[in-house]
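Here are a few exercises to help you find your way around a new structure. Try each task yourself, then read through the solution.

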Amino acid sequence: MSGSLNDDSFHQDLQPRANNVSDYLSHQLQPPPPPPRRPRGFAATAAAIGQTTSTASATGGNAKREREKEKERTKLRERHRRAITSRILAGLRQYGNFPLPARADMNDVLAALAREAGWVVEADGTTYRHSTPPSQSQEAAFPVRSGESPISSGSFMSCSIKAALDCQPSVHRIDESLSPASLDSVVITERDAKNEKYAALSPLNSAHCLEDQLIQDIRPRENESQFRGTPYVPVYVMLSTGFINNFCLLIDPDGVRQELSHLKALNVDGVIVDCWWGIIEAWNPQKYVWSGYRDLFNIIREFKLKLQVVMAFHACEGTESGDAFINLPQWVLEIGKENPDIFFTDREGRRNEDCLSWGIDKERVLRGRTGMEVYFDFMRSFHTEFNDLFAEGFVSAIEVGLGASGELKYPSFSKRMGWSYPGIGEFQCYDKYLQQSLRKAAGLRGHSFWARGPDNSGQYNSRPHESGFFCERGDYDSYYGRFFLQWYAQMLIDHVDNVLSLASLVFEETKFIVKIPAVYWWYKTSSHAAELTAGFYNPSNQDGYSPVLDVLKKHSVIVKLVCSGMPVTGQEVDDALADPESLSWQILNSAWDRGLAVAGENSLSCYDREGHMRIIDMAKPRNDPDRHRFSFFAYRQQPADLIQGAACFPELDYFIKCMHGEIVDDLVPC
């Protein structure tokens, strides 16, 4: 009490309420409020039940979260176990020459080890030595203690494994505490430090593959069996570019054979090889060197795989997977120093050296030749050099590069220009040759002042709403905007028509492939800005792919669509208004309606199971009354995944079996 009376702040707070000492003391000494009355009867029971329910609810929520965490940990362990098993199977096939079937399980591994050790393994699993009858061998090899069932005995597994491995080097050991009842969950590990170090350095632990692989749910088997018996879709795998150096020499034939042996084991139908203009005609015009490709094709022929060849008239910027950096031919770059307008040019005057401008298709600026003549001479030289391969049917198709990255597009979103996703890109029509074409088109239209590119179309990394040209009700839909975009897209169409006409003269009966990019960001906007700068006049009120596909139909080509197997997240939809699925189906339906054959190619490597399922659903549309399907699928895989490790092999193996319609119920999902 004295402490309260001596507190100045306390006095000041209560002074207005107490006019005399009596009132002040009565204020301090007033009795505390009575305690709340306890509910009785039904009210007391209800309160107790409510309190118990609240406590149980909180406890139940925590328990549920713990169960979910444990389930996730179990999934991670299971995925890791299966990845290890897959790596062991790959090692046995590659280094031990074990004749394991494509869909090998642990029974096949044990049988192969037992046969290698000199045992006899019959079809029903009966295992015995040559000199011992089956009945005696089982009794001798697998003794059972009195009162113990061999099915539950831990010694059954340990004895059988030891017997099978008696004559084998100690490479892998199996935990003897495991029972045969848990055979499906056996984890084979190497316990010494050397192999632990190897496992740490293995591509199995690489972030680009295993991280996504481990966190995936195992799909139900009823979903896997949906592809059993579906139409057969051939799968081609793209070989890496690093096997051929800048002097057109094959630098690693053993590595090629190793990669092809992996692919053959996965039952792929063929491979795809890029023939780079910048390597073959690198130093002097019309001086073609094919020696490295001849050696490469001979090795591929040894493995009896089919071959698709890409006429790569573009530069390769190099990738994280180790692909080499490949420029255009040196003599072309020297011409470009004197006449930089042979390259695509943006509004700021920056030149893009990924490929030649379509403005020089008919201009004699390449040492007396036009762009069309350069492409024609290159293709004719290839056909002449490898005429024997065409005669025997080894070359199944030719893919003609028609723009940046070998795709049919302007180089509007090139990373070497500073572009990053999801920028709208920039128009690439400011070299003097394309500007001449634009002036001519504007004059024919009667509006010579339209002979210019848009001055309000933004920068490479702009958003549509940030530019007056692409924003809602922007200039893209004005009279001038429609004229410019139609001319811009027509230049792309004319280039396709001209190149394919010449290719038809060279290759005659050979099938052609044209790759169309998936420019899916900003697809949900009215302008479709990224598609417009890439050369496809496809705003919300216009079908920009129909004129392109009409030209491709004229030449009976196979349309190869770049597929995005990755889901578009809500954040990506909000940020880029992206819709890859709608864009893909727009192109697919338009192509199929014209009777065109369609193929697919993945945009990223080492998909997870969910990404593969999206691509397979697109390759074999379910409930399609016309039974459309892909003619083939081109799988872009990283060289490190194919050569060094088996981290992505289970998913690639699963993907190929689904494409082939070979999924069976006993396939182990990985």
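**Exercise 1. How much space lies in the largest cavity?**

Keep in mind that you're looking at a predicted model.

- Start with the count: there are three cavities of 30 Å³ or more in the structure.
- Now pick the largest cavity, which holds about 80 Å³ of space.

**Exercise 2. Work out which residues and elements line the largest cavity.**

- Go through the wall residue by residue. You'll meet Leu-239, Ser-240, Thr-241, Phe-243 and Ile-244, among others.
- Further along the chain, the lining includes Val-273, Asp-274 and Trp-276, and also Tyr-293 and Leu-296.
- Next, look for elements that give two or more residues: these are β4 (270-276) and α13 (291-302).
- Between them, β4 gives the most, with three residues.
- Finally, sort the lining by character: nine residues are nonpolar, two are polar and one is charged.

**Exercise 3. Do the same for the second largest cavity: find its volume, lining and character.**

- The volume comes out at about 70 Å³.
- Among the residues around this cavity are Phe-313, His-314, Trp-358, Tyr-375 and His-495. Gly-401, Leu-402 and Gly-403 are part of the lining too.
- β7 (351-356) and α18 (479-507) each supply at least two of the lining residues.
- Sorting this lining gives seven nonpolar residues, four polar ones and no charged ones.

**Exercise 4. In what order do the eight strands close into a barrel?**

- Begin at β3 and walk round: β3-β4-β5-β8-β9-β10-β11-β12, with parallel pairing.
- Check the twist: ignoring direction, neighbouring strands of this sheet are turned by 30° against each other on average.
- You've already met one of these barrel strands, since β4 also lines the largest cavity.

**Exercise 5. Zoom in on β9 and β10: how many bridges join this pair?**

- Locate the strands first: β9 covers residues 511-516, and β10 covers residues 558-563.
- They pair in the parallel sense over four bridges.
- For a spot to look at, find Val-514, which stands opposite Val-559 in β10.

**Exercise 6. Judge how confident the predictor is, overall and in two stretches.**

- Over the whole protein, the mean pLDDT is 77, and 67% of the residues reach 70 or more.
- Now turn to residues 639-647, where the pLDDT is below 50; in the model this stretch has 29 contacts beyond near neighbours in sequence.
- Residues 664-670 also have a pLDDT below 50, with 22 contacts in the model beyond near neighbours in sequence.

Terms used:
Residues are numbered from 1 along each chain as its sequence is written. This is a predicted model: local features need pLDDT of at least 70, side-chain atom pairs count only at pLDDT 80 or more; totals for chains, interfaces and linings use all residues. Side-chain values use heavy atoms; hydrogens and water are left out. On a 1 Å grid over the protein atoms alone, a cavity is a set of points where a 1.4 Å probe fits but cannot get out, and a pocket is an open set with protein on both sides within 12 Å along at least five of seven lines; lining residues have an atom within 4 Å of a point. Grid points are joined across faces, edges and corners, and a volume is the space filled by probe spheres set on the points. Ala, Val, Leu, Ile, Met, Phe, Trp, Tyr, Cys and Pro count as nonpolar, Asp, Glu, Lys and Arg as charged, and the others, Gly among them, as polar. pLDDT is the predictor's confidence in each residue, from 0 to 100. Contact means heavy atoms within 4.5 Å. Two strands pair if DSSP finds at least two bridges between them. Axes are lines fitted to C-alpha atoms, for helices over the stretch in contact, and angles run from 0 to 180 degrees between N-to-C directions.
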